[in-house]
Amino acid sequence: PPCLRRHAVTFVIRAATPADLQALYEMAKLTGGGFTNLPPDRKALAAKLERASAAFARDEEDIADEQFVLVLENVETGEVRGTGQLFSQVGQRWPFYSYRLTTLTQHSAELQRTVRAELLSLVTDLEGSSEVGGLFLHPSERAGGLGMLLARSRYLFIAMHRSRFADRVLAELRGIIDERGGSPFW
């Protein structure tokens, strides 16, 4: 029936450019805070886009400290509806901290007691790894597999430029943020 006609929308994933600053800024305001790879800060986003433009323009295929920003664009409207980022090597400009969870076991024969304590240690073990991050899809587009497409496009980019990325690739997941912007972890 005519009332059930489907309208296909076509999207492309492309390299972000400085012209995408406003669109990324508008999406950054929708993140709800705590999303460090997409801050609602024009100056920080402009610097990110400049760094990405330099990375995309570089002809050498060796590994360097680079950041790539991809965007999901609706080709019918020209609107940027999502973004994903790649970091070729973390921990090169600034330390890349993570936590290691270990267990310390101590036994006392005299007390006939064993005590186990879990320890959280701050480490830089992942330095030099590549990272996929900065994945954000506009709330109105969160259906139909676009998020999966955008997420997987980062791995396809790595496969297409394998020599520019480390053997170890990591992905950080955003933690829980409460309505006040706080994290129960901290």
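This is a short walk through the sheet, the helices on it and a nonpolar surface patch.

Okay, one caveat up front: this is a predicted model.

Let's start with the sheet. There are five strands in an open sheet, and the order is E1-E2-E3-E6-E7, with mixed pairing. The edges are E1, residues 11-15, and E7, residues 169-171; each of them has a single partner strand, so one side of each is left without a neighbour in the sheet. Going from one strand to the next, the twist averages 20 degrees.

Now look at E3 and E6. E3 covers residues 80-87, E6 covers 130-137, and the two run antiparallel, joined by five bridges. If you want a spot to click on, take Gly82: its bridge partner in E6 is Leu137.

Next, what packs on this sheet? Helix H1, residues 21-28, does, and it touches E2 (67-74), E3 and E6. The direction of H1 makes about 90 degrees with that of E3. Then there's helix H3, residues 146-160, which lies across E1, E2, E3, E6 and E7. H3 runs at about 155 degrees to E6.

Last stop, the surface. Which residues make the nonpolar patch? They are Tyr97, Tyr99, Leu101, Leu120 and Leu122, and the patch comes to about 550 Å². Strands E4 (98-108) and E5 (113-123) each supply at least two of its residues. Tyr97, though, sits in the loop between E3 and E4. Is Tyr97 buried or partly exposed? Its relative accessibility is 48%, so it counts as partly exposed, given that the exposed class starts over 50%.

That's the tour, thanks.

Note on methods
Residues numbered from 1 in each chain as written. Predicted model: local features only at pLDDT ≥ 70, side-chain atom pairs only at ≥ 80, totals over all residues. Heavy atoms only, no water. Pairing = 2+ DSSP bridges. Helix = DSSP H or I, 4+ residues; strand = E, 2+ residues; numbered from the N terminus. Axes fitted to C-alpha atoms, helices over the stretch in contact; angles between N-to-C directions. Contact = heavy atoms within 4.5 Å. Patch = residues over 30% accessible without salt bridge, like charges linked within 9 Å, V, L, I, M, F, W, Y side chains within 5 Å. Areas by Shrake-Rupley, 256 points an atom, 1.4 Å probe, with all protein chains shown as cover. Salt bridge = Lys/Arg side-chain N within 4 Å of Asp/Glu carboxyl O. Buried < 20%, exposed > 50% of the residue type's maximum accessible area, 1.4 Å probe, protein only.
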